[in-house]
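The exercises below each set a task and then work through a solution step by step. Keep the sequence and the coordinates at hand.

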Amino acid sequence: MNVLKRFQSVKQFIKTHNINDVTKRSTHHVISIDIDGEHLKFPHVWLRDNCQCEQCFHTSARSRIIDYSNFNIDSKPKAVVKGANSVQITWDDGHTSNFKLDWLKLRSFTAESQNKYTDFIYRPKRTSWHGKEFLKICGIHDYNKIVQSDEALYEWLYDVSVYGVALIQNTPNKENAIDNIIARVGFSKQTHYGVKFTVQNVANTSNVAYLSSNLQMHTDLPYYEYCPGVNMLHCLVQTKSEGGENLLSDCHYTAQYMKENYPEEYEILTNIEVEWSDIGVEDGNEFFKLYRSPVICLDSNKEVTRINCSIPQRGNHFPGLLNVVVPWYKAHKLFFDLNQEFAAKFKTKEGDILVFDNIRLLHGRNKYEDKPNNTRKLIGGYVDWDEIYSRLRCLKVKLFPNSGIL
Ligand code: OGA
Ligand code: ZN
Ligand code: ZN
């Protein structure tokens, strides 16, 4: 969401919560500091809270250690002395704070500065896409380069965060090849299907993905509250005959399309919780997972945060009122059909790792033949978004040492 929109929603919040008086008074409690020709305003309380001296901030832990039980939210500056590169503030209780001007500028409260910080440091802005643009938006990356080079690692993770999908090629044909990629990011996300999982045709399976039939478009493991963020599927063996293609659709595109063209159905899918479920045994371990959540999850800015969708893993208990059941099914069917219409079709080859955002895209697989001389085998693994964004930020600090991020 762009910052101006975010500012609008903050204004709306202030209006609806009738806290205008409080916010009006607060605008006086600021210091104006001229930095590079701009008059930048910083609230007293924020400056005092973010004092960087050794009493207030632990350098090696990079953490605030201010004694909050004695913290005065009404601290006032007694003196403000600006130097060439820094500003010194003496507070009414005698405490002194020093701030570098560059440091303050990066943290300033203007829309432009907040925008820059959000896109450069917090999370890259996403670009949504229709399936017909897939070949254009799906970045191709090289296994060895990602393992060896920070730039290549950064570029791959950046693509996954912006487009929600990227392809890694030239992966060694080994069951544990994906481990090196996951280790470059951080840690894998373990689930009841294991640290990694094998996707191949299995009789008496614990999951319908482990069949050779058509696997309808879905997100993996919607029944986890802490659902895996990113899915990696390493193709070890691809079927030599027709079938086995993956379908991929960007639900951020679909959600926006529904919001504009089918607002009522969109509202239903963002509000009505349904129950996601997985019950069974894997590797001798029993599980009984349930989680209630809408199909389209939004944050307080009405931005999509997570998509849940899986025909087999939606439970048969509907945790809602009788009168919402039929409208929910209509909205859900529309969402499913639109995703199929907007999907890209792509067949991975041996050596490919298909990487995609599991809480943004729907993915599926066409049916394929499974015979002794024509099989298909993938190795899958998950990594959470926390690890990916963290690695991206660490790489930014390393690759852009003069950006003043820290
Ligand atoms: C899965 C899955 C895709 C495939 O295992 O959940 O989506 O290509 N597999 O087999
Ligand atoms: Zn201090
Ligand atoms: Zn899946």
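How many residues lie between strand 6 and strand 7 in their hairpin, and which turn residue has a positive phi? The hairpin has 4 residues between the two strands, and Gly-94 in the turn has a positive phi of about 95°.

The model is predicted, so local features need pLDDT of at least 70 and side-chain atom pairs pLDDT 80 or more, while totals for chains, interfaces and linings use all residues; side-chain values use heavy atoms, without hydrogens and water. Residues are numbered from 1 along each chain as its sequence is written, with chains lettered from A and ligands numbered from 1 in the order written.

**Exercise 1. Describe the sheet that contains strand 6.**

Step 1: terms. Strands are DSSP runs of E with at least two residues, numbered from the N terminus. Two strands pair if DSSP finds at least two bridges between them.

Step 2: order. The open sheet consists of 3 strands in the order 5-6-7, with antiparallel pairing. Strand 5 (77-82) and strand 7 (96-100) are the edges; each has a single partner strand, so one side of each lacks a neighbour in the sheet. On average, neighbouring strands are turned by 15° against each other, direction ignored (axes are lines fitted to C-alpha atoms, and angles run from 0 to 180 degrees between N-to-C directions).

Step 3: pairings. Strand 5 and strand 6 (residues 86-91) share 5 bridges, and a hairpin of 3 residues joins them. Within this pairing, Lys-82 has Val-87 as its bridge partner. Strand 6 and strand 7 are also joined by 5 bridges, and Ile-89 stands opposite Ser-97 of strand 7.

Step 4: faces. Val-87, Ile-89 and Trp-91 make up the covered face of strand 6, whereas Ser-86, Gln-88 and Thr-90 make up the uncovered one.

**Exercise 2. Identify the donors of the zinc ion (ligand 2) and assign the geometry.**

Step 1: donors. These are N, O and S atoms within 2.8 Å of the metal (3.2 Å for Na, K and Ca); water is not among the atoms, so sites may look incomplete. Cys-51 (SG), Cys-53 (SG), Cys-56 (SG) and His-95 (NE2) qualify, at 2.1 to 2.3 Å. Their sequence spacing is C-x1-C-x2-C-x38-H.

Step 2: angles. Four donors count as tetrahedral if all angles lie between 85 and 135 degrees. The 4 donor atoms subtend 104 to 117°, so the arrangement is tetrahedral.

Step 3: burial. Buried means under 20% relative accessible area, exposed over 50%, and partly exposed in between (1.4 Å probe, protein chains only). Cys-56, at 3%, is buried.

**Exercise 3. Locate the protein donors of the zinc ion (ligand 3).**

Step 1: His-218 (NE2), Asp-220 (OD) and His-363 (NE2) lie 2.0 to 2.1 Å from the ion.

Step 2: Asp-220 is in the loop between strand 11 (215-218) and strand 12 (230-237), and His-363 is in strand 20 (residues 361-365), so the pair ties together parts 143 residues apart in sequence. Both Asp-220 and His-363 are buried.

**Exercise 4. Count the disulfides and examine Cys-138.**

Step 1: A disulfide is a pair of cysteine sulfur atoms within 2.5 Å. The count is 0.

Step 2: The closest cysteine sulfur to that of Cys-138 belongs to Cys-235, 14 Å away, which is too far for a bond. Cys-138 is buried at 8% relative accessible area, whereas Cys-394 is partly exposed at 41%.

How values were computed. Four donors count as tetrahedral if all angles lie between 85 and 135 degrees; four count as square planar and six as octahedral if opposite donors are over 155 degrees apart and all others between 65 and 115; anything else is irregular.
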